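User: I am new to this structure and should like to understand the terms used to describe it. May I put some questions about how each one is justified?

Analyst: Certainly; here is the structure to be discussed.

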Amino acid sequence: MEFDKKKVLSLAGTLVLAGAVVVGGIYGPSAWKVFMNKAAPEKDSVVIQAPPVEGANPQDPSTAESPPGQTSGVSPAVTVTDPPGINATPQGDVSGPKKYKEPDTKDINLAPSVAGFFGENGLSQDAQNLVFGAAWNIHQYVDGYLYGPNSGPQMNEEDIKRYIVFHKSLWDQRLKNEPNQAAQFKEYVSALLNRGADAFNAKDKVRIEQFHQELHDLDAHLLRDDQSAKIYGATPFATKR
């Protein structure tokens, strides 16, 4: 999918486009909606489901935006545990329907197994912010899809696929400005997002669960080093302690 370069916002700083706030490379659902509306032909409408954003004031017009809804080449080998039943007990807080929550770059705490890919001679802070935002955002919707509204905001398969493709397009565009020293991690993330889009395109729940396990480990362990989160061991980077 091609986006008008003038409409693809700088990954540095904070700016506002049609009510969509983009902070330091973090593209939330509101920005996705704006880009999709700009990029898609008028006849190809995009169905955007609209769970409320956590912390939003329903009376505040600035929060009225509705959240949205294999690349060729060799990707690293991935070991995935047997997927649980689709009706497995959801993880996390089950006290009520979960709303979309914006990512916060202060939560980034790279695991040692990937920290070396960033910093001097590695991927930039912009790239770090972008992959974190993608993992955080998509993870919420995949949790909601697999385990229901008590585990995450809701979106159908087609919109989740488009949302993944959106983030992959931003990632691939960012990589044109990044050094090659971190090629293993760059290619892994691109291939992971491609596998996820393919799984949702096929509506294959076994492959979607496999994607979920990788995405969970990428988000919770590789990018946030969350000591309390479950570990699937589904990425080619060490996540077991």
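User: Where is the place of aspartate 225?

Analyst: In this predicted model, aspartate 225 is in the segment after α6. Its phi is positive, at about 45°, although aspartate 225 is not a glycine.

User: Why does aspartate 225 count as buried?

Analyst: A residue is buried under 20% relative accessible area. Aspartate 225 has 18% relative accessibility, and therefore counts as buried.

User: What makes lysine 203 buried or exposed?

Analyst: The relative accessible area of lysine 203 is 54%. The cut-off for exposed is over 50%, so lysine 203 is exposed. Lysine 203 is in the loop between α5 and α6, and its phi is near 55°, a positive value in a residue other than glycine.

User: How do you know that the span of α6 is close to the one expected?

Analyst: The expected span is 1.5 Å times one less than the number of residues. For the 19 residues of α6 this gives 27 Å, and the helix reaches 25 Å from its first C-alpha to its last. The two values are therefore described as close.

User: What caps the N-terminal end of α6?

Analyst: Aspartate 204 does, with a side-chain oxygen 3.1 Å from the backbone nitrogen of valine 206. A polar contact requires N or O atoms within 3.5 Å, so the distance of 3.1 Å satisfies that limit.

User: Why is the aromatic pair of phenylalanine 200 and phenylalanine 211 called edge-to-face?

Analyst: Planes over 60 degrees apart count as edge-to-face. Here the angle between the planes is 90°, so the pair meets that description. The centres lie 6.5 Å apart, and the limit for pairing is within 6.5 Å. Phenylalanine 200 lies in helix α5 and phenylalanine 211 in helix α6, so the pair ties together parts that are 11 residues apart in sequence. Both residues are buried.

User: Which residues touch the most other members of the largest nonpolar core?

Analyst: That core has 46 residues, and the ones in question are Ile138, Ile164, Trp171, Phe185, Phe200 and Phe211. The largest share of the core, 12 residues, comes from α3. Phenylalanine 211 touches Ile138, Ile164 and Phe200, among others, not counting residues up to four places away in sequence.

User: What makes α6 mostly covered?

Analyst: Of its 19 residues, 15 are buried.

Definitions and conventions. Residues are numbered from 1 along each chain as its sequence is written. This is a predicted model: local features need pLDDT of at least 70, side-chain atom pairs count only at pLDDT 80 or more; totals for chains, interfaces and linings use all residues. Side-chain values use heavy atoms; hydrogens and water are left out. A nonpolar core is a set of buried Ala, Val, Leu, Ile, Met, Phe, Trp, Tyr and Cys residues joined through side-chain atoms within 4.5 Å. Buried means under 20% relative accessible area, exposed over 50%, partly exposed in between (1.4 Å probe, protein chains only). Helices (H or I, at least four residues) and strands (E, at least two) are DSSP runs, numbered from the N terminus. Contact means heavy atoms within 4.5 Å. A polar contact is a pair of N or O atoms within 3.5 Å; within protein, one must be able to donate a hydrogen and the other to accept it, and residues adjacent in sequence count only if both atoms are side-chain atoms. Rings of Phe, Tyr and Trp (its six-membered ring) pair if their centres lie within 6.5 Å; planes under 30 degrees apart count as stacked, over 60 as edge-to-face and the rest as tilted.
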